[in-house]
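These are my notebook entries on a structure that I had not looked at before. I begin with a single residue, then turn to charged pairs, and end with the space inside.

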Amino acid sequence: MREVTLEALVRAERAEDVFHAVRRWERYPELAPHVEATTVHATHPDPDCSSSWELHFRSGLLRWTERDVFLPDTLEIRFEQTDGDFDSFHGTWHIAQDGPDVTVRFSAVFDFGIPSLEGILDPIAERVIRETVAWAVTGLFPRTEVLGEDPGLGSPSTSVPATA
């Protein structure tokens with residue numbers, strides 16, 4: 001199992017507004033160049049929310065469908081793959097007011113289920129997922145500071161390399 005995390009500070013926003021913007025998966029293809037497509041099957045307030053994703057990965061696409069759970073009272077989003085290329089993939093988004101700013105913490109755990117290739121596939125998937133989250137949050141809120149490890153974004157308009 002490999003974990004990927006990203007923390008960001010969104011300046012001068014309300015946590016509720018950030019929560020509602022982040023959960024708009026249909027916007028991610030325009031925000032993050034790794035995202036080829038997203039399909040929202042059902043979203044909040046529907047009790048059975050799900051979405052499908054396609055991310056550029058190596059020389060093809062990484063695909064999965066996930067069950068999404070939106071918890072507006074705690075400003076949390078939980079997701080878990082129900083079908084797709086990972087053996088397992090699940091995680092959370094935590095959004096919290098921090099004075100005049102908002103903290104966003106994305107955390108996910110994944111496993112391709114191919115031990116012999118984890119040294120090759122896992123670091124690439126971790127980078128693609130981290131960059132996708134960073135591009136999305138900074139695209140939604142330009143006054144965002146990505147905290148900790150540099151996600152290595154470059155310009156969002158940069159084409160996605162074939163090795164992504």
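Leaving aside its neighbours within four places in sequence, which residues is S52 in contact with? Before answering, I note that the model is a predicted one, and I read every value below as computed from it.

**Entry 1: S52**

I looked up the contacts and found that S52, once neighbours within four places in sequence are set aside, touches A37, T38, T39, H41, W64 and T65. I then placed the residue, and S52 belongs to strand β3, which covers residues 49-57. For one of those partners, H41, I could add a detail, since the side chains of S52 and H41 make a polar contact at 2.6 Å. I also asked myself whether S52 is buried or exposed. Its relative accessible area is 16%, and because buried means under 20%, S52 counts as buried.

**Entry 2: T138**

Next I went to helix α3, residues 118-140, where T138 is found. Which backbone oxygen does the side chain of T138 reach at 2.8 Å? I found that it is the backbone oxygen of A134. A polar atom of the T138 side chain also lies 3.3 Å from the backbone oxygen of W135, so I wrote the two backbone partners down together, as A134 and W135.

**Entry 3: salt bridges**

I then turned to the charged side chains, keeping in mind that side chains of opposite charge can pair when their charged atoms come close. How many salt bridges does the structure hold? The count I noted is 13, and I followed up some of them.

The side chains of R105 and E7 meet in a salt bridge, with N to O at 3.4 Å. This pair links distant parts of the chain, as R105 sits in strand β7 (residues 101-111) and E7 in strand β1 (residues 2-10), 98 residues apart. I checked the exposure of both partners, and R105 is partly exposed with a relative accessible area of 33%, while E7 is partly exposed with 38%.

R14 forms a salt bridge with E16, and I recorded 3.7 Å between the closest N and O atoms. In this pair R14 counts as partly exposed at 47% relative accessibility, and E16 counts as partly exposed at 36%.

For E30 and R27, whose side chains also meet in a salt bridge, the N to O value is 3.0 Å. I noted that E30 counts as exposed, its relative accessibility being 58%, whereas R27 counts as partly exposed at 26%. Lastly, I marked R2, E126 and R130, which are linked in a network of salt bridges.

**Entry 4: the cavity**

My last search was for enclosed space, and the count came to 1 cavity of 30 Å³ or more. I wrote down its volume as about 140 Å³. Which residues of the lining lie nearest the centre of the largest cavity? Of the 13 lining residues, those nearest the centre are W53, W64, W93, F106 and V133. The elements that give two or more residues to this lining are β3, β4 (60-71), β6 (88-98) and α3, and the largest share, 3 residues, comes from α3. When I sorted the lining by kind, I found 11 nonpolar residues, 1 polar and 1 charged.

Looking back over the entries, I see that W64 appears twice, among the contacts of S52 and among the residues nearest the centre of the largest cavity.

Methods
Residues numbered from 1 in each chain as written. Predicted model: local features only at pLDDT ≥ 70, side-chain atom pairs only at ≥ 80, totals over all residues. Heavy atoms only, no water. Salt bridge = Lys/Arg side-chain N within 4 Å of Asp/Glu carboxyl O. Helix = DSSP H or I, 4+ residues; strand = E, 2+ residues; numbered from the N terminus. Buried < 20%, exposed > 50% of the residue type's maximum accessible area, 1.4 Å probe, protein only. Polar contact = N/O pair within 3.5 Å; in protein donor to acceptor, adjacent residues only side chain to side chain. Contact = heavy atoms within 4.5 Å. 1 Å grid on protein atoms, 1.4 Å probe; cavity = no way out; pocket = protein on both sides within 12 Å on 5 of 7 lines; lining within 4 Å. Points joined across faces, edges and corners; volume = space filled by probe spheres on them. Nonpolar A, V, L, I, M, F, W, Y, C, P; charged D, E, K, R; others polar.
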